[in-house]
Amino acid sequence: MDRIVDATKYVVLDVETNGLSSLKDDLLSITFFKPDDSKIYNRFLPLEFDSLVWTTRYNGITKKDLDNKEPLTQDEFDELIRDFELEKRIILTYGSLDEKFIRNYLKRKRIEGFEKLSFYNFKHDIISSGFSGGIVTKDNLCKMFEIGNVQEVHSGLNDCLLEWQLFEAIYGKKLIVFGDRVYEFSEDYIIPAKYLHTYPNIRYCVNDLPKIKYKNFIVKKFEIIIEEKNANYCGISADQLESLIEQEISQEDRSFEYTKCLKENNRRISFIGILPHNMYYGADNTDDYDNSDFQTSFNDLTTEKKNEIINNKSIIENQDYSYLETQNISKEKIKSKISPVTQFIKQEIFNNNDVISGETVFNKEGNVVAVCNLSSDNAVLFFKTDFKDVNYDKYPLYYQSMGRDIFLLSISKENNNGIIEFVFYKVTEAQLKDAASDLAERKHNFEKSLNNKNISVIDYINCQQPITLLCKKCGNTWTASYSTIKKNSSCRFCDAKKV
């Protein structure tokens, strides 16, 4: 059942700017909207950094609109705080830009009062990766939820109205976006460990997420010449080599278990809708949602576009060893070439013990699942193409290993000259810290930094989330942003004069 928003607790903010830098670009307009009584504050500001408006096509604001406008004053801002109850309400924004521009504008003008404001960026409730083609926008979400009056040229007032309706539609939910498909996230959803890097917001959904940092050192390096004078090996890819190594090493393939888990995950999230976009593209993580959604979208395409996708799909599906055979390469010859690599894995990594390919590892406490390339009872081997930083994959490594020795194999080509480099790393000296104790420590350090013995921190998650304080003198509690509290930790009730 959808929860109903208490409109008296919120006010919506939107700003229009002359660029994306809150330090170097002008703040052109400020708009506040009170959703409970529809009260509006809409204010243009004069240009100061630049002599021209460069963003007219985005926000409709022209230089003429800003002529003869005066900067915001302390008295006007104090009145704004009173009229819109900004000390008592949570200021909603979609994205972090609005808060940054307001903070730095007030700082430049030496206007006091920013520390009284509490912001909430509700974009944090939308879990998406960096591979969605830029379509996870406020406008597209509004269109998906059938919120009307979405306009190509943005204005502060219209954006405030849209943001409030979007907040109402999302309130009480977390959304997760796969490509152009939007789902309602569920606590029952088992989170693939690989998402903990590509979907940063999803980390807040993991119980006892460890604070970890890995180090690594090289244990062995092989340089093997795959290409020879009368044989074309250029077509071989790192993925194909990984697959061949797994076949040569493992006694059992359990990759079906991970695929089954991902399929079952589809039933744990509810499909909401499809984000609009101008052209079809394959969604990221297509193995993580039901193909019926793809089929619905596919059926809407033109015949020409369908044929293009079918042909591309055919190329991808046929990337196997039959492709190598067309290049006059025998599988057995490749196996003999990489024999030193496979022997090292068997003997030195796994000590000639039984090895599994595609082991699925569940972490019930965190509700996280990971899949191993190769593993035994005592060690895991993680494949990586063109390895650079072990901590990029720290969560998959952590959840795969679960206390076992961790090794990483980097496979890379050298300038297409037929030389393949295999580098083995031992991943070690993990600095693990229990999430609960780490949070308690950060909460204690934050409370200590306030340097106010009368103030106690009741609820603390991180510096991006609202923080709840208790005054030991008067017993009152209140919620404010991290930056607000750091600037002024005085009690809003019994220390009113200091505020």
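**Exercise 1. Find which residue stands opposite Ile127 in E7, and work out why one side of E6 is left without a neighbour in the sheet.**

Step 1. Ile127 faces Ile176 in E7. Before going on, note that this is a predicted model, where local features need pLDDT of at least 70, side-chain atom pairs count only at pLDDT 80 or more, and totals for chains, interfaces and linings use all residues. Residues are numbered from 1 along each chain as its sequence is written, and side-chain values use heavy atoms, with hydrogens and water left out.

Step 2. E6 and E7 (residues 175-178) run parallel and are joined by 2 bridges. Strands here are DSSP runs of E, at least two residues, numbered from the N terminus, and two of them pair if DSSP finds at least two bridges between them.

Step 3. Now zoom out: the open sheet has 4 strands in the order E6-E7-E8-E12, with mixed pairing. E6 (126-127) and E12 (270-274) are at the edges with a single partner strand each, so each has one side without a neighbour in the sheet.

**Exercise 2. Describe how the rings of Phe32 and Tyr41 pair, and say whether Phe32 is buried or exposed.**

Step 1. Rings of Phe, Tyr and Trp (its six-membered ring) pair if their centres lie within 6.5 Å; planes under 30 degrees apart are stacked, over 60 edge-to-face, the rest tilted. That rule gives 23 aromatic pairs.

Step 2. Phe32 and Tyr41 make a tilted pair, 6.5 Å centre to centre with 50° between the planes.

Step 3. Buried means under 20% relative accessible area (1.4 Å probe, protein chains only). Phe32, at 3%, is buried, and Tyr41, at 14%, counts as buried too.

Key:
Buried < 20%, exposed > 50% of the residue type's maximum accessible area, 1.4 Å probe, protein only.
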